[in-house]
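Reader: Hi! I have a new model open on my screen and would love a walk through it. Could you help me find my way around?

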Amino acid sequence: MDKDSGSGEAAGPHLRRRSLLGAAAGIAAAGGVGVAGGPARAEAAARPEPSFAPGRSVVFRNATVVTGDPRLGVRYESDVLVIGGTVRAIGRNLSVPGDAAVIDGRGAIVMPGMIDTHRHMWQTVIRGLGAEWTIANYFGWIYERWASFWRPEDLYASSLLSMAESINAGVTTTVDWSQDLRSYDYAEAAAEALFDSGARARLAYGYSFIPPQDWVLKGDVARLQRERFSSNDQLVTLQLAWDGTGTERAFPERPAWEFARAHHLPVTMHSGVRNWMADEQILNLRDNGFLLPTNTYVHCGTMSESNYQLIADSGGTVSIAAESELNAGQGYPPTGRIRAHGIPVSLSSDTQVWWSADMFAAMRATLNADRGIDHYRAHGQGKTVVNNNLRTQDVLHFATQGGADTLGESARLGSITPGKFADLVMVRADTPSMVPLINPVHQLVFHAQRGEVDTVMVHGRVLKHDGRLLGGLFPRARRLAEASMNHLRDRIGEQQWSQSQDPPPFEMG
Ligand SMILES: [Zn+2]
């Protein structure tokens, strides 16, 4: 901080919405492009991308700052200064380096980057195909019929598109629950997509088609860790993903769990999905010493209270995907029960074969489910819920700090706190959906949407600004994903492609 605020701001370049538009109009006029009065798209195409050179300091000026840090709360008309990838200071009229890029925060909310702790990115390429599905349809089509049609380049294209979707939506860290890594080529392709995106991600290495002990030790996981994940100080990190363990008391999964522990790789599992990875399996993990604090249990809708307590006592975490659970039928989103046991909660979007990867939607779905069941139960007893239990502040916490806690990154991610990594999102609060701004937390949860995400920063680097993804990520991801979708459609065949979109009535045995 080498200058006071006044001179620092005057000297620094102004990367503001109005000044950018003005500059763009000037460039367009000089180039002879008829922007004035022309279509908005032409104007957008003519606008140059602002300069956020790597390593350059950035200050958000005069924003409403929802820090997510209980000690700091919400700060009004405040600045956030980012230097060298971390949040340096929050306050009014901050002194900043003379060459700091200035982002005008007036009429906007700066919040922590959101964290999605469970997403099957390889499926994004067939986005929307299964909107009418239940989980039975999902297993029938993708698991039993189609999964082998994906090539490594399809995983790459789908994951790159999914990461572009994350950045665009203000999701700065995403766990790619990648369960179709059938060979090293697939694993490498999935990892490369995450690295190439420029955002923060966790590759959850999985292969759901055979038991973990049959693939984890074959050498590919160790090789990928050695070649691409030798450090935890990089944007993309590694963990493992498998569906827990069976009920056999002989515990054949032991070698896979021992590998995970020896290689310091956390494990994420779909759990408590009706009878699958439910009580008996949790007890089996406990009895064999693998109810680890680094375990993340996804869904967890169907477990007994005593098993929630076991997870709580072990230090494990739960990822709730409310849109998924309410539509596909893994079990009712257990937010209330999980919280009653004091288990850290994060949110996730699961798969874009059905749903959006919109964490605003995930926060709303979680609140809707939790409040809805409370009202329903109360009415069944002739009672009325007077005060809602789960609050907007809680789900905003789940979507940010809860995700960081799940990843074992509590100290480095999840809130806007000096010293933490600068993973930040600026949400417009001057739109028809957001004015007048009365309570930024309430309005982030119930009124904001992806269209309001103006600026996204990961580790101090601006990846989206003024509503636009920077650096050419999206056009490339789109081109690759559309080619990949066409390949998969050919392999699937037109009959299944159309039949799967309108599944007939189906009774599960
Ligand atoms: Zn899942």
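Author: Happy to; we can start with the whole chain, then turn to the metal site and a few single residues. Keep in mind that this is a predicted model.

Reader: Thanks! How many helices and strands are there in the protein chain?

Author: The protein chain has 17 helices and 17 strands. It is 509 residues long, and 57% of them count as buried. The chain exposes about 20,500 Å², with carbon and sulfur atoms supplying 50% of that area.

Reader: And what share of the contacts with a separation of 6 or more comes from residues 24 or more positions apart?

Author: Such pairs account for 76% of those contacts in the protein chain.

Reader: Now the metal. What coordinates the zinc ion?

Author: Three histidines and an aspartate: H118, H120 and H270, each through NE2, plus D350 through OD, at 2.1 to 2.6 Å. Along the chain the donors are spaced H-x1-H-x149-H-x79-D.

Reader: Which parts of the chain do H120 and H270 tie together?

Author: H120 sits in the loop between strand 6 (114-119) and helix 4 (135-146), while H270 is in strand 10 (residues 267-271), so the pair links parts that lie 150 residues apart in sequence. Both H120 and H270 are buried.

Reader: What about the geometry, what are the angles among the donor atoms?

Author: They run from 80 to 172° among the 4 donor atoms, and the site is irregular. For comparison, the ideal angle for four tetrahedral donors is 109.5 degrees.

Reader: H299 caught my eye too. Where is H299, and is it buried or exposed?

Author: H299 is in strand 11 (residues 296-299). It counts as buried because its relative accessibility is 2%, under the 20% cut-off. Leaving out residues up to four places away in sequence, H299 touches several residues, including the zinc donors H118, H270 and D350. S271, V273 and E325 are also among the residues that H299 touches.

Reader: Nice. Switching topic: how do helix 6 and helix 7 cross?

Author: The axes of helix 6 (residues 184-197) and helix 7 (residues 220-228) come within 10 Å and cross at roughly 35°. The crossing is right-handed. On the helix 6 side, Y184, A187, E188, E192 and F195 meet D220, R223, L224, E227 and R228 of helix 7.

Reader: And T400, where does that one sit?

Author: T400 is in helix 14 (residues 392-406), and with a relative accessible area of 3% it is buried. Beyond its neighbours within four places in sequence, T400 contacts M111, P112, G113, M114, I115 and G414. T400 and V171 are 229 residues apart in sequence, yet their C-alpha atoms are 9.1 Å apart in space.

Reader: Last one: what is unusual in the backbone? Which peptide bond is cis, and what is the phi of H264?

Author: Most residues other than glycine have a negative phi, and most peptide bonds are trans. Here the peptide bond from V435 to P436 is cis, with omega near -10°. P436 lies in the loop between strand 14 (424-428) and helix 15 (440-446). H264 is not a glycine, yet has a positive phi of about 55°, and D466 also has a positive phi of about 55°.

Reader: Are H264 and D466 buried or exposed?

Author: H264 is exposed, with a relative accessible area of 70%, whereas D466 is buried at 12%. H264 lies in the loop between helix 8 (254-262) and strand 10, and D466 in the loop between strand 16 (461-465) and strand 17 (468-469).

Definitions and conventions: Residues are numbered from 1 along each chain as its sequence is written. This is a predicted model: local features need pLDDT of at least 70, side-chain atom pairs count only at pLDDT 80 or more; totals for chains, interfaces and linings use all residues. Side-chain values use heavy atoms; hydrogens and water are left out. Helices (H or I, at least four residues) and strands (E, at least two) are DSSP runs, numbered from the N terminus. Buried means under 20% relative accessible area, exposed over 50%, partly exposed in between (1.4 Å probe, protein chains only). Contact means heavy atoms within 4.5 Å. Accessible areas come from the Shrake-Rupley method with a 1.4 Å probe; for residues, only the protein chains shown count as cover. Donors are N, O and S atoms within 2.8 Å of the metal (3.2 Å for Na, K and Ca); water is not among the atoms, so sites may look incomplete. Four donors count as tetrahedral if all angles lie between 85 and 135 degrees; four count as square planar and six as octahedral if opposite donors are over 155 degrees apart and all others between 65 and 115; anything else is irregular. Axes are lines fitted to C-alpha atoms, for helices over the stretch in contact, and angles run from 0 to 180 degrees between N-to-C directions. A crossing is left-handed if the near helix is turned anticlockwise from the far one by less than a right angle, and right-handed if clockwise.
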